[in-house]
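Student: I'm new to this structure and would like a close look at just one part of it. Could you pick a strand and walk me through its surroundings?

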Amino acid sequence: MLAEGEMDVSNQGGKVLLENKKPLYALKSFLNKQIYVKLKNDLSYVGILDKFDLQMNLIILNTTEYERNKTVRNLGKVIIRGNNILYVALAEKIGLEQRGT
């Protein structure tokens, strides 16, 4: 059982203390919710946040890829390397929810 302030970021038993880790705490609150991820290369993704780790690497499900706000393609599971991320937000906060999810 995980203590308060700890979470299993790998779903394999690894415990991480989240105290004073505000970006990670925000990601924890985004788990199983639809998020918008903007990358440094003008690509963006909307999908359900499944998992993340300390480097902010993300696994997103039911993902749609966008380039300059135009849909490029629908994807399934996507893994995004944390150092490519510009920012992450809840999709509902920026009005980009996917239809039918």
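**A close look at strand S3**

Tutor: Let's warm up with a small detail elsewhere: a polar atom in the side chain of Thr63 lies 3.2 Å from the backbone oxygen of Ile60. Thr63 sits in strand S5, which covers residues 58-67, and Thr63 is buried, with a relative accessible area of 1%. Keep in mind that this is a predicted model, and that goes for everything below.

Now the wider setting. The protein has two helices and eight strands. Reading from the N terminus, the order of elements is β-β-α-β-β-β-β-β-β-α. Of its 101 residues, 35% count as buried.

The part I'd pick is strand S3, residues 34-39. Six of its six residues are buried, so the rest of the structure largely encloses this strand. Here's a general point that helps: side chains in a regular strand alternate between the two faces of the sheet. In S3, Gln34, Tyr36 and Lys38 point one way, while Ile35, Val37 and Leu39 point the other way. Residues on both sides are buried.

What does S3 pair with? One partner is strand S4, residues 43-52, which runs antiparallel to S3 and joins it over five bridges. Within that pairing, Ile35 has Gly47 of S4 as its bridge partner. S3 and S4 make up a hairpin with three residues between them. Asp42 is in that turn, and Asp42 has a positive phi of about 75°.

Another partner is strand S8, residues 85-90, and this pairing is also antiparallel, over five bridges. Here Tyr36 stands opposite Ala89 of S8.

Let's stay with Tyr36 for a moment. The structure holds one aromatic pair. Its members are Tyr36 and Tyr87: the ring centres are 5.9 Å apart and the planes meet at 45°, so the pair counts as tilted. Tyr36 belongs to S3 and Tyr87 to S8, so the pair ties together parts that are 51 residues apart in sequence. The two rings sit in unlike surroundings, too: Tyr36 is buried at 5% relative accessibility, whereas Tyr87 is partly exposed at 40%.

Sequence separation matters for the protein as a whole as well. Looking at contacts with a separation of 6 or more, 41% are between residues 24 or more positions apart.

Next, go to Lys38, which points the way Gln34 and Tyr36 do. Lys38 forms a salt bridge with Asp42, and their closest N and O atoms are 4.0 Å apart. You've met Asp42 already, in the turn of the hairpin. Lys38 is buried, with a relative accessible area of 17%, and the cut-off for that word is under 20%. Asp42 counts as partly exposed, at 35% relative accessibility.

The count of salt bridges comes to two. Away from S3, Arg73 forms a salt bridge with Glu65, with the closest N and O atoms 2.8 Å apart. Arg73 is partly exposed, with a relative accessible area of 45%, while Glu65 is buried, at 4%.

So, back to your strand: S3 pairs with S4 over five bridges and with S8 over five bridges, and six of its six residues are buried. If you trace it in the picture, Tyr36 makes a handy starting point, with Ala89 opposite in S8. From there, hop to Lys38 and on to its salt-bridge partner Asp42.

Note on methods:
Residues numbered from 1 in each chain as written. Predicted model: local features only at pLDDT ≥ 70, side-chain atom pairs only at ≥ 80, totals over all residues. Heavy atoms only, no water. Buried < 20%, exposed > 50% of the residue type's maximum accessible area, 1.4 Å probe, protein only. Helix = DSSP H or I, 4+ residues; strand = E, 2+ residues; numbered from the N terminus. Pairing = 2+ DSSP bridges. Polar contact = N/O pair within 3.5 Å; in protein donor to acceptor, adjacent residues only side chain to side chain. Salt bridge = Lys/Arg side-chain N within 4 Å of Asp/Glu carboxyl O. Phe/Tyr/Trp six-rings, centres within 6.5 Å; stacked < 30°, edge-to-face > 60°. Contact = heavy atoms within 4.5 Å.
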